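I sat down with this structure today to look up a few points on its fold. My notes are below, in the order I took them.

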Amino acid sequence: MATGRTHRPATRSRGIPEATVARLPLYLRALTALSERSVPTVSSEELAAAAGVNSAKLRKDFSYLGSYGTRGVGYDVEYLVYQISRELGLTQDWPVVIVGIGNLGAALANYGGFASRGFRVAALIDADPEMTGRQVAGIPVRHSDDLERIISDNGVSIGVITTPPGVAQQVCERLVAAGVTSILNFAPTVLSVPDGVDVRKVDLSIELQILAFHEQRKAGEEAAAHDGAVPAPAVRRADATDQGPDGDVPAVMPA
């Protein structure tokens, strides 16, 4: 099996839009569930509903993959699972390091879905000497002094940062200098990286604040309806096509 360091997916060179790339994991999750139920084919409408998008958008996304389905039959589930997995690079072995083995880092290390999706936790790294040698998810924690050697020895190109925000940028810079070109950042801070390095940010507090906004909006609409007032226009909920001011889309959490 190829390693992630020497073989990278060709989505950008083939001109697949970032918004489409962000939806591919949603399609794959829905398709995997169908495959586990031994469903042979699925229509675009059924798959779109399962993935939470509209069918026209799904067909457009699949056209970038060169997959158009068969009229009256739909899409072959197993073939689409393979096709999307290949496009995402999940048919390869991607060694990952997690830096910062607190509660969140330990929870991610224990997440069982990484291996089945092509990701291998190659090392757990922490700056606390008391953590060194401890077993987390059956993996011994290594000290951060060994970070560069660990990355080199394991051919790591993906790093996960779960450190406190005050040290996240420093950790990021060390990862990048050691050869890591993709970073998943759970630290509540914005990282500065050079061109050619991809960063996906997962901020749980922001997601909860957005949910709180919608809860407040729903409560206001219910109160207005009870009083007979005209409710304010509803705020459209975001989906995977929505982009931030820099063109970023929210990272998709593991299912």
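These entries go from the whole chain to the sheet, then to the helices and two single residues.

**Entry 1: the chain as a whole**

I noted at the outset that this is a predicted model. I counted elements and found 9 helices and 9 strands in the chain. I then looked up burial. Of the 255 residues in the chain, 39% are buried. I also looked at contacts with a separation of 6 or more. Residues 24 or more positions apart account for 59% of them.

**Entry 2: the sheet**

What is the strand order in the open sheet? I read it as 5-6-4-3-7-8-9, which makes 7 strands, and the pairing is mixed. Strand 5 (135-136) and strand 9 (198-201) stand at the edges. Each has a single partner strand, so one side of each lacks a neighbour in the sheet.

**Entry 3: strand 4 and its neighbours**

I picked strand 4, residues 119-126, for a closer look. Is strand 4 mostly covered or mostly open? It is mostly covered, with 6 of its 8 residues buried.

I checked the pairing on each side. Strand 3 (residues 94-99) runs parallel to strand 4, and 6 bridges join them. Within that pair, I98 stands opposite L124. Strand 6 (residues 139-143) also pairs with strand 4 in the parallel sense, over 3 bridges. There I found V141 as the bridge partner of L124. I125 has R142 as its bridge partner in strand 6. L124 therefore turns up in my notes twice, facing I98 of strand 3 and V141 of strand 6.

I added a reminder on strands. In a regular strand the side chains alternate between the two faces of the sheet.

**Entry 4: the edge hairpin**

Next I followed strand 6 outward to strand 5. How do strand 5 and strand 6 run, parallel or antiparallel? They run antiparallel, and 2 bridges join them. One pairing I wrote down is V136 with I139 of strand 6. The hairpin has 2 residues between the strands. A137 in this hairpin takes a positive phi near 55°.

**Entry 5: helices across the sheet**

I looked for helices lying across the strands and noted two. Helix 7 (residues 147-154) lies across strand 3, strand 4 and strand 6. Its direction is at about 165° to strand 4. Helix 8 (residues 165-178) lies across strand 3, strand 7 (158-161) and strand 8 (182-185). Against strand 7, helix 8 runs at about 170°.

**Entry 6: helix packing**

I moved to the N-terminal helices. Two packed helices are described by the angle between their axes and the distance between the axes.

Helix 1 and helix 2 (residues 44-51) pack at about 110°, and their axes are 9 Å apart. They are therefore roughly perpendicular to each other. The crossing is right-handed. On the helix 1 side, L26, Y27, A30, L31 and L34 make the contact. On the helix 2 side, I listed L47, A50 and A51.

Helix 2 also packs against helix 3 (residues 55-64). The angle is about 100°, with the axes 8 Å apart. This pair is therefore roughly perpendicular as well. S44, E45, L47 and A48 of helix 2 make the contact with S55, L58, R59 and F62 of helix 3. I marked L47, which is listed in the contact with helix 1 and in the contact with helix 3.

**Entry 7: T20**

I found T20 in helix 1, which spans residues 18-36. Why does T20 count as buried? Its relative accessibility is 2%, and the cut-off for buried is under 20%. I then asked what T20 touches beyond four places in sequence. The contacts are D61 and Y64. With D61 there is a polar contact of 2.8 Å between the side chains.

**Entry 8: R142**

I closed with R142, which has its place in strand 6. Its relative accessible area is 29%, so I logged R142 as partly exposed. Leaving out residues up to four places away in sequence, R142 touches L124, I125, D126, R149 and I150. I125 was already in my notes as the bridge partner of R142. I also checked R142 against M131, 11 residues apart along the chain. Their C-alpha atoms are separated by 7.9 Å.

Conventions
Residues numbered from 1 in each chain as written. Predicted model: local features only at pLDDT ≥ 70, side-chain atom pairs only at ≥ 80, totals over all residues. Heavy atoms only, no water. Helix = DSSP H or I, 4+ residues; strand = E, 2+ residues; numbered from the N terminus. Buried < 20%, exposed > 50% of the residue type's maximum accessible area, 1.4 Å probe, protein only. Polar contact = N/O pair within 3.5 Å; in protein donor to acceptor, adjacent residues only side chain to side chain. Contact = heavy atoms within 4.5 Å. Pairing = 2+ DSSP bridges. Axes fitted to C-alpha atoms, helices over the stretch in contact; angles between N-to-C directions. Parallel < 35°, antiparallel > 145°, perpendicular 65-115°, else oblique. Left-handed = near helix turned anticlockwise from the far one by under 90°.
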